[in-house]
Structure formats: structure tokens, C-alpha cells
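I opened this notebook to keep track of what I looked up, going from the whole chain down to single residues.

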Amino acid sequence: MIEPVEETKMPIMEHLIELRSRLLRSFVAFILVFFVCYYFAPHIYQFLVQPLADVVHKQGGSQRLIYTALHEAFFTYIKVGFFAALFLGFPLFAMEFWKFVAPGLYKHERRAFLPFLVATPILFFLGGAMAYYFVFPMAWKFFLGFQTAGVDGGMAIQLEAKVNEYLSLVMGLIFAFGLCFELPVVMTLLARVGMITSKGMREKRKYAIVFAFIAAAILTPPDVISQVMLAVPTMLLYEISILSAQLIERKRDEEGDAAGEASTADDLDDLPPEETDFNK
């Protein structure tokens, strides 16, 4: 019989006190990380703007961003510190969450849940890295292609990007890609608890493709490049989720067969000797 990690049950009030303590630690950690990130906010922002600067430099344009309100640059740096603190502080938040949940789990449940907790930030950062290193250069080049020089007395169309709008666009794309890269974790967890199956996922593949493009159209700017760059990885991650669900189902079947064989052996051991000795 499987025993819980803790032999005694904690009263509900102690659970609430423990939850309050974990939330308070997470909040304090977030505040500390926020102040550090705000101190380095200009450097972080330069890192985020570097893909645009590289494209503009190749095209020989003006490498500058503008702000039209006195407080705009200040609040932009606050947003940079906030988003960076969420990114960098996520492992700390996840650890506090794990310390709160783990004592109430069985040992096999902890072993099953821990890989998903580790994979969540890794996949999120991979999604953000894909947006930064692959999507941004192509998308910015596409958008800058609409600049025109004024000829024959016409008005020129030149980009004058605002710091706040650029940050909102960049962080929106990073979060969109990061969240979409969590698809294997979510689908694998659902498969593990038996809510979905690999067969059902294969049958719903065509709906998943349509949903991937709809989500990409909502989460990304209205350009084909960024939408396709988000939809295609989402479909690949969906296929990975199917394979992961198959592995879980295969392992569950193997464990079920092993349990059945063990149960049969126990039943044979319980039979009287005259019924189990077939040579007599």
C-alpha cells in the first residue's frame, strides 16, 4: 500500500499559513529581482531593440526610437523591469510552488510531476528565444519594407518607432511564443490523468491545425511571417504531444500488465498445495 509523503494531515489553517508564507516569499523575491532588473533596464531594453537596430543598420536608416510623452520612457523602463523580473524570477516562484505542493503528494506523484515543473520554464525560454532570434529579424525586415522615399513631390513614409509601442510588441510576441511552447507540457499532463488520448489527438489533428493558425492570428501582429512562424512550431509541438501521450499510454499498459502478473502470482500462492502441484 502506498503511503503519503507525510503521515499526518495538516489542518486547513496550517495549509493557509503555509500558502501565505510561500506567497510572501515569492512577492519579496519578485520585488528584489524587479529592482535589480530596473537598474539594468536600459541595457535590457537595448538587448530587446537590437534585432530592429541590426535591420535598420543594414538598410541605412535612422537608428533611433522616440517617445512623445514626458513620462513614457520612465514607465517603459518600469515595464522592462517588470517583465524581466517575471522571466528571471520564474524558477524561484516555481520552487516555492513545488515546496508547497510536494509534501501532499505521494512519492510516485512527485516523480511524475517534477519533470513537468522543470520542462515548463525551459520550453518557455525556448519559445522566447525563437521569437527573438528567428522571428524578429524577419518580421522587422518585412515591416520596414513599407518605408518609401518621397518622389515627385510626394510625402515620404519613414518609421519613427516609439519606445513604449516597441516594447509592447516585443513582449507580446515573446509571451505568445513562450506560451505556445508550453503545449507539450499541458497535453502530456492531460494525457497522464486520462483526459485525452493519443488516438483522439490524431483524430482531431485537422482542428488543431485550424486552431493553431487562429491563435497565431490573434497573438501576433497582422503579418503573414510572424503568424506562420508561430503556427508551424505549434503544429510540430502538437505532434510531439501525440508522441508523448503514446509513451505515457505504453508505460501505463506495461505497468498494468506487470500488476496483473503480480496479482496472478499472488493468487497462485494462496491456492492450496494440491491445486498448484500439477505434477501429482
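The entries below cover the overall fold, the nonpolar cores and one charged residue.

I noted at the start that this is a predicted model, in which local features need pLDDT of at least 70 and side-chain atom pairs count only at pLDDT 80 or more, while totals for chains, interfaces and linings use all residues. Residues are numbered from 1 along each chain as its sequence is written, and side-chain values use heavy atoms, with hydrogens and water left out.

Fold. I found 10 helices and 0 strands in the protein chain, where helices (H or I, at least four residues) and strands (E, at least two) are DSSP runs numbered from the N terminus. Of the 280 residues, 31% are buried, meaning under 20% relative accessible area with a 1.4 Å probe, protein chains only.

Cores. I then looked up the largest nonpolar core, a set of buried Ala, Val, Leu, Ile, Met, Phe, Trp, Tyr and Cys residues joined through side-chain atoms within 4.5 Å; it has 43 residues, and F136, W140 and F177 touch the most other members. Helix 4 gives the most to this core, with 11 residues. Another core, of 6 residues, lies apart from it and includes V33 and F34.

E182. I located E182 in the loop between helix 5 (163-180) and helix 6 (183-192). E182 is buried yet has no salt bridge (a side-chain nitrogen of Lys or Arg within 4 Å of a carboxyl oxygen of Asp or Glu), and R192, the nearest side chain of opposite charge, is 16 Å away. Leaving aside neighbours within four places in sequence, E182 is in contact (heavy atoms within 4.5 Å) with T120, L123 and F124.

Conventions
Buried < 20%, exposed > 50% of the residue type's maximum accessible area, 1.4 Å probe, protein only. Lys, Arg positive; Asp, Glu negative; His and termini not counted.
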